[in-house]
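Colleague: I'm new to this one and would like to learn how to read it. Could you walk me through it feature by feature?

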Amino acid sequence: MKSALYNPIGTTALITGASSGLGVGYAHELAQRGADLVLVARRQARLEALAVDLAEQYGTVSTVIPLDLSRADAVPELVSDLRERAITIGTLVNNAGFATFGTVLDSDQARETEQIALNVHALTALTHAFLPDLVETASLHPHTAALVNLASTAAFQPVPRMAVYGATKAYVLSYTEAVSYETRASGLKVTAICPGPADTEFFEIAQTSGGKKGTPLTVDEVMRASFAALDRSVTPSVVLVGARNALLARMASISPRSAVLNAVGRMNTPHATR
C-alpha cells in the first residue's frame, strides 16, 4: 500500500452497519491499514464471517457486537460494553442507515420513526459518546483518527417519496460539517461521505428501485473516494462520490428550489404499467 496520510495502525475503528455493503468495504480498508475493528450490526452470523475473513487476510482482531442501533437503549449499551472491554475508539464510521419508499400519506409511521432513530439519533449519540476519544487519539497520534458519517446526495434537496430519508441525510450532512468545524484544531479527520445510488442492499431494504438510475456506484468507488479524502492533509468535510453525482448536487444548490423539487419528484414517481 502506498504511503498514506491517514494511518490508523494500532488503533481501533468502530463500524456500524458492518454486515454488508459499504460497511464491509470500510472494514476491509481499515483492516488493511492496520486498525483493529469493532463490527456492529444486527446480523451476527454475517459479522462473525466477516471477522474471520479479516483475520485471515490481515491478521485483524475484530470485536463482533450484534445490536439493533435503532433501539433507544442501544448506544448506551454499546458504550458500556466497550468501556468494560477497555476498548478505545480511534475511528468511528457511522454507516448504519436505511430508507423507505412511498408517500408520507401512505407511510408506516413506526417504520419511519425507526428510520429516524437509526439515521439520526444513533449517529448523533455515537458521535457524542466517542468524540472525546477520537479527539484525544488525533491529538496524541496525528493522522490516526477519523469520524466518517455516511450522508448521501439525497442530502442536497428534498426527496419526494423518500421524504424522511432525504431529511435524515440533510441532517447528517449539516451536523457533520458543524462537527468538522468545531474540531478543526484537534487534527481529527471529519467528513460526510455523499454517494449516490450504490451497488448494495439499499434498494432491496427500501423495497424500491426508485432513484436507481443509470449505473450504480460500486463499493470500491465509494471506498476510493472516502480514503482519498482521509489521506489529504486537510480532509474535506463533504465528499461527493462520482463526477455526475457531484455535478447534480452542485446544480441543486444553485437552481431554484421549486425546480429541483419538481425534477426529483418526477424522477421518483413510479410509472404506470403499460
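Modeller: Let's begin with one residue: asparagine 94 is buried, with a relative accessible area of 3%. Buried means under 20% relative accessible area, exposed over 50% and partly exposed in between, with a 1.4 Å probe and protein chains only. Keep in mind that this is a predicted model, where local features need pLDDT of at least 70, side-chain atom pairs count only at pLDDT 80 or more, and totals for chains, interfaces and linings use all residues. Residues are numbered from 1 along each chain as its sequence is written, and side-chain values use heavy atoms, leaving out hydrogens and water.

Colleague: Where is the place of asparagine 94, and what does asparagine 94 touch?

Modeller: Asparagine 94 belongs to strand 4 (residues 91-94). Helices (H or I, at least four residues) and strands (E, at least two) are DSSP runs, numbered from the N terminus. Contact means heavy atoms within 4.5 Å. Leaving aside residues up to four places away in sequence, asparagine 94 touches several residues, including Thr16, Leu123, Leu147 and Val148. Its C-alpha atom is separated by 7.9 Å from that of leucine 147, 53 residues apart along the chain.

Colleague: In what order do the seven strands form the sheet?

Modeller: Strands pair if DSSP finds at least two bridges between them. Here the seven strands make an open sheet in the order 3-2-1-4-5-6-7, with parallel pairing. Strand 3 (62-66) and strand 7 (238-240) are the edge strands, each pairing on one side only. For one pairing, take strand 1 (residues 12-16) and strand 2 (residues 36-41), which are parallel over five bridges; threonine 16 stands opposite valine 40 in strand 2. Strand 5 and strand 6 also run parallel, joined by five bridges, and there valine 148 stands opposite threonine 191 in strand 6.

Colleague: Which residues of strand 6 are buried on its two faces?

Modeller: On one side Lys189, Thr191 and Ile193 are buried, and on the other Val190, Ala192 and Cys194. That makes six of its six residues buried.

Colleague: Which strands does helix 4 lie across?

Modeller: For angles, axes are lines fitted to C-alpha atoms, for helices over the stretch in contact, and the angle runs from 0 to 180 degrees between N-to-C directions. Helix 4 (residues 109-140) lies across strand 1, strand 4 and strand 5 (146-150), at about 170° to strand 4. Helix 7 packs on the sheet too, touching strand 5, strand 6 (189-194) and strand 7, and its direction makes about 155° with that of strand 6.

Colleague: How many aromatic pairs does a search of the whole structure find?

Modeller: Rings of Phe, Tyr and Trp (its six-membered ring) pair if their centres lie within 6.5 Å; planes under 30 degrees apart count as stacked, over 60 as edge-to-face and the rest as tilted. The search finds three pairs. In one, the rings of tyrosine 26 and phenylalanine 227 have centres 6.0 Å apart and planes at 45°, so this pair is tilted. The pair links distant parts of the chain, with tyrosine 26 in helix 1 (residues 21-32) and phenylalanine 227 in helix 7 (residues 219-230), 201 residues apart. Both tyrosine 26 and phenylalanine 227 are buried. Another pair, tyrosine 171 with tyrosine 175, is stacked, at 5.5 Å centre to centre and 10° between the planes.

Colleague: Why are tyrosine 171 and tyrosine 175 separated by about one helical turn?

Modeller: Because they are four residues apart in helix 5 (residues 163-182). Tyrosine 171 is partly exposed, with a relative accessible area of 30%, while Tyr175 is among the buried residues of helix 5.
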